[in-house]
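Visitor: I would like to learn how to read a model of this kind. Where should we begin?

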Amino acid sequence: MNESESVIQEATALVDHATWRSTHDQDYSAELEMCRKAKKALEQLSGLNPELEKLRRKTLSQCLLVIDNALVGLGRNDGSVDRTTEALNLAETSGSDVQVARALLALGNAFLSSGDIEHAEQSWVRLFLLAEACPDDSSMNQVVGWTLITRGQVLNARSLYDQAVRVLKDADSTLESIGDNFGVSTTNDLLSDVYSNLGDDDNSEQCSLKADEFRRRLRKEPNPFSS
């Protein structure tokens with residue numbers, strides 16, 4: 001392994017650890033610090049062979065997405081569309097469809113937060129079309145599952161509860177099938193709220209119990225996904 005490969009590998013590890021910190025501890029400041037360090041190291045690389053350059057771009061794209069997540073977590077939403085657009089541009093030249101999908105999910109969320117639902121939906125539709133080409137890819141299915149969660153949130157906010165239940169059940173089965181314990185717990189927390197809005201206390205309680213169960217699993221079995 002040459003020096004450039006080592007830098008990319010170390011940056012990837014930093015981004016993965018930063019993601020873990022935000023997921024488990026919601027320590028967005030630490031997440032931001034780690035990813036800024038990784039970003040600086042990646043941006044200093046030059047003269048790479050084509051394959052390493054693609055890997056650098058993929059890793060840098062993910063780094064920018066995690067930086068955006070940290071900034072949004074710290075209440076700094078301004079610039080989110082620009083940050084995620086930059087991440088998407090890098091992903092599109094990285095050769096990684098999964099990274100493109102991750103960036104499209106984040107860009108859609110950024111548009112949604114800014115009130116631009118039309119462009120959010122356009123990003124997610126493009127993501128779903130991309131995912132159709134690789135139905136058995138676990139990492140891609142994870143992105144699909146989290147996009148369905150976001151759509152469920154939108155439908156719930158619009159009081160379209162029956163539609164929200166259908167979308168979130170799809171998210172639940174998708175994420176459970178690939179072992180995304182955090183995704184399953186998040187989905188069922190939201191499903192519990194939707195059922196409560198429907199006045200269905202029994203299903204609301206069942207979903208709440210399932211969310212708790214998968215949170216316990218998450219503490220023992222970290223999600224098997226990385227950048």
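Guide: What follows goes through helices, single residues, backbone angles and side-chain features in turn. Keep in mind that this is a predicted model.

Visitor: How many residues does helix H4 have, and what span is expected of them?

Guide: Helix H4 covers residues 80–92, which is 13 residues, and at 1.5 Å a residue these should span 18 Å. The end C-alpha atoms of H4 are 18 Å apart, so the two values agree.

Visitor: Which residues of H4 are buried?

Guide: The general idea comes first. An α-helix has 3.6 residues a turn, so residues three or four places apart point the same way. In H4 the buried residues are Ser80, Arg83, Thr84, Ala87, Leu88, Leu90 and Ala91. They lie on the same side of H4, because they cover an arc of only 165 degrees around its axis.

Visitor: What covers the buried residues of H4?

Guide: The cover includes helix H3 (50–73), helix H5 (97–113) and helix H6 (117–131).

Visitor: There is an arginine in that list. Is Arg83 buried or exposed?

Guide: Arg83, in helix H4, has a relative accessibility of 18% and therefore counts as buried, since the cut-off for buried is under 20%. Apart from its neighbours within four places in sequence, Arg83 is in contact with Asp68, Leu71, Val72, Arg76, Asn77 and Asp78.

Visitor: Now helix H9. What is its reach, and which of its residues are buried?

Guide: H9 runs over residues 181–197 and has 17 residues. From first C-alpha to last, H9 reaches 24 Å, close to the 24 Å expected at 1.5 Å a residue. The buried residues of H9 include Asn181, Gly183, Val184, Leu190, Leu191, Val194 and Tyr195. Helix H7 (138–157), helix H8 (161–177) and helix H10 (201–220) are what the buried residues of H9 pack against.

Visitor: What does Leu191 touch?

Guide: Leu191 lies in H9 and counts as buried, at 3% relative accessibility. Leaving aside neighbours within four places in sequence, its contacts are Val165, Leu168, Lys169 and Cys207. Leu191 and Ala164 are 27 residues apart in sequence, with their C-alpha atoms 8.1 Å apart in space.

Visitor: And what does Asn156 touch?

Guide: Asn156 is in helix H7 and is buried, with a relative accessible area of 15%. Not counting residues up to four places away in sequence, Asn156 touches Tyr161, Ala164, Leu190, Val194 and Asn197. Asn156 and Leu190 are 34 residues apart along the chain, while their C-alpha atoms are separated by 8.7 Å.

Visitor: Where is Ala18, and what does it touch?

Guide: Ala18 is in helix H1, residues 3–24. With a relative accessible area of 0%, Ala18 is buried. Its contacts, not counting residues up to four places away in sequence, are Glu31, Met34, Cys35 and Val66. From Ala18 to Tyr28 there are 10 residues in sequence and 8.3 Å in space, C-alpha to C-alpha.

Visitor: Is Leu129 buried or exposed?

Guide: Leu129, found in helix H6, counts as exposed because its relative accessibility is 53% and the cut-off for exposed is over 50%. The C-alpha atoms of Leu129 and Ala101 are 9.8 Å apart, with the two positions 28 residues apart along the chain.

Visitor: What should I look for in the backbone angles?

Guide: Most residues other than glycine have a negative phi, and most peptide bonds are trans. Ser159 has a positive phi, near 65 degrees, and is not a glycine. Ser159 sits in the loop between H7 and H8 and is partly exposed, with a relative accessible area of 44%. Gly199, which follows H9, also has a positive phi, near 80 degrees.

Visitor: How many disulfides does a search find?

Guide: A search of the whole structure finds zero. Two of the cysteines can be placed by their burial: Cys134 is buried at 18% relative accessibility, and Cys207 is buried at 8%.

Visitor: How many aromatic pairs are there, and which ring has a charged end over it?

Guide: A pair of aromatic rings is described by the distance of the centres and the angle of the planes. The structure holds one aromatic pair. As for charge, the charged end of Arg217 sits over the ring of Phe214, 4.2 Å from the ring centre.

Methods
Residues numbered from 1 in each chain as written. Predicted model: local features only at pLDDT ≥ 70, side-chain atom pairs only at ≥ 80, totals over all residues. Heavy atoms only, no water. Phe/Tyr/Trp six-rings, centres within 6.5 Å; stacked < 30°, edge-to-face > 60°. Lys NZ or Arg CZ within 6 Å of the ring centre and 35° of its normal. Helix = DSSP H or I, 4+ residues; strand = E, 2+ residues; numbered from the N terminus. Expected span 1.5 Å × (residues − 1). Buried < 20%, exposed > 50% of the residue type's maximum accessible area, 1.4 Å probe, protein only. Contact = heavy atoms within 4.5 Å. Disulfide = S-S within 2.5 Å. Arc of directions from axis to C-beta.
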